[in-house]
Amino acid sequence: MNITKHALKKGIDLYFIRDEKFKTYMASVLFHRPLNREGASKGALLAQVLRCGNELHPSAKEIDVALEELYGASLYCSSGKRGEEQVIRVAMEAVCDAFLPAPAFDKAMELLFAAAFKGNNRGSVEQEKKNLIDRIRGQINDKRYYASLRLNEIMFDGRPYGINSIGYEEDVEKITPDDLFGFYDEVINTSAMSIIFTGNFDEAAAMAAAKKAVEALPEREAGHTLAEITGGAGEVRRVTEHLDVTQGKLAMGLYTGIAHNDPLIYAQMVMNGLYGGSVNSKLFNNVRERLSLCYYASSRADRMMGVMTVSSGIEFQNFDAAYNEIMAQLQAMKDGDFSDEEIDVIKKEICNSFRSRVDAVEALEDYYTTQILLGSDVSIEETIENIENVTREQIKEAAGRVALDTVYFLAGKEEA
């Protein structure tokens, strides 16, 4: 399955990922902006406000009624980060006209593009500010997530990736309706933009709807914000913080030294799976199961940043033992201490995960959105083939590039 690109205007591109096996399609408008602190708070608030009303449907209730009339379509508005780029997304999933008693595509597109380009519910700003502040405050309630958030802030202090993607309470409090809608005008008129159709849809109708939607919009600078892939700062940073928790949270940040276009990127995926990205990994089987040093231990990799993070929940007194074993298992990866059977199991898991993406329109769009941001045209099928061809030597080489940068430990108050 491939993606086709059509340039509508400078800085505004249309993408088709078509597959007739689906009964639904997803249509998304993505605004791409360099990530910064002010934009993170305003973008997160804007996404919530856009869901509250527009020129076509002035309130959230009227939007919901319209969605029901579109045979249960769904409208999503979000703001997040991919690498060091902020992505504000307005998306709709709806049933293909071929499976409906009456055509609904044109009305669905009217609703989608009104939500994306004609949001106007200023009266919802204050309430949505309160809702967003509640979300920001609530992040601390999930201690595993909070530890990963703090690790990210410490590891990338001074870099856009360290910014909280949903913003900061003190910044949100200052936003006025004029501030927000001034930002909205800037987003619409200056941001690089992707319009993506995924699933079962009529390409001619989608092309016509997209062209009409952007007809009055100005051209803008094209391109995406790609993060520089770097190594560690040298000496490992170690930070311990104390909260009223009964279980310690150990989070570790490592640089992979492998950029998204490096031939070793697929070996790095397999290496991460072997190390901590699976229930068949070394971290799970050794740190958790064999030695019982933690409640959970896993790793994940971000190819857009060249970063791998380790997350573990431990008893406070097990910090040294758990940390040492996590590092010992990394050294085992560097030494090639893994079997061919382990490699095969992890490869199958990763490939099956990619294969499952072609069974859901949102997962399919998500994969190709990453490819768009990376300037890559590698299909899911090609990714699977590349993973299947990874060798033991490549896995070992990928592991050899990994370097620890930051260690964050969330401990209890009584441990201070």
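Y323 sits in helix α11, which covers residues 319–334. This is a predicted model. The chain has 15 helices and 11 strands. Its 416 residues give a radius of gyration of 23 Å, which agrees with the value near 22 Å for a compact globule of that length. The briefing starts with Y323, moves to the cores, then covers the whole chain and a few single residues.

**Y323 and its surroundings**

- Y323 has a relative accessible area of 12%, so it counts as buried, the cut-off being under 20%.
- Beyond residues up to four places away in sequence, Y323 touches R238, L250, M252, L404 and V407.
- From the C-alpha atom of Y323 to that of D335 is 18 Å. The two residues are 12 apart along the chain.

**Nonpolar cores**

- In soluble globular proteins, nonpolar side chains tend to be buried together.
- The largest nonpolar core holds 71 residues. Within this core, L250, M271, Y275 and I395 touch the most other members.
- Helix α9, residues 265–275, supplies the largest share of this core, with eight residues.
- A second core is separate and has 59 residues. Among them are V49, L75, I188 and M207.
- L250 deserves a closer look. Its contacts, leaving aside neighbours within four places in sequence, include V310, S311, S312, I314 and F319. Y323 and I326 are also in contact with L250. So are V407, Y408 and F409.
- L250 and V407 are both among the residues that Y323 touches.

**The chain as a whole**

- The C-alpha trace spans about 60 × 50 × 40 Å along its principal axes.
- Buried residues make up 54% of the 416 in the chain.
- Which share of the contacts with a separation of 6 or more comes from residues 24 or more positions apart? That share is 81%.
- The accessible surface comes to about 18,100 Å². Carbon and sulfur atoms account for 48% of that surface.
- The chain carries 46 positive and 65 negative charges. The mean positions of the two sets are 1 Å apart.

**Two residues with positive phi**

- Most residues other than glycine have a negative phi.
- Y71 has a positive phi, near 60 degrees. Y71 lies in the loop between α2 (60–69) and β4 (74–82).
- Is Y71 buried, partly exposed or exposed? Its relative accessible area is 38%, so Y71 is partly exposed.
- S292 also has a positive phi, near 50 degrees. S292 lies in the loop between α10 (282–290) and β9 (296–302).
- S292 has 53% relative accessibility, so it counts as exposed, the cut-off being over 50%.

**D134 in helix α4**

- D134 is found in helix α4, which covers residues 125–138.
- Relative accessibility of D134 is 48%, so this residue counts as partly exposed. The exposed class begins over 50%.
- The C-alpha atoms of D134 and F113 are separated by 29 Å. Along the chain, these residues are 21 apart.

Note on methods
Residues numbered from 1 in each chain as written. Predicted model: local features only at pLDDT ≥ 70, side-chain atom pairs only at ≥ 80, totals over all residues. Heavy atoms only, no water. Helix = DSSP H or I, 4+ residues; strand = E, 2+ residues; numbered from the N terminus. Rg over C-alpha atoms; globule rule 2.2 N^0.38 Å. Buried < 20%, exposed > 50% of the residue type's maximum accessible area, 1.4 Å probe, protein only. Contact = heavy atoms within 4.5 Å. Areas by Shrake-Rupley, 256 points an atom, 1.4 Å probe, with all protein chains shown as cover. Lys, Arg positive; Asp, Glu negative; His and termini not counted. Charge placed at Lys NZ, Arg CZ, Asp CG, Glu CD. Core = buried A, V, L, I, M, F, W, Y, C linked by side-chain atoms within 4.5 Å.
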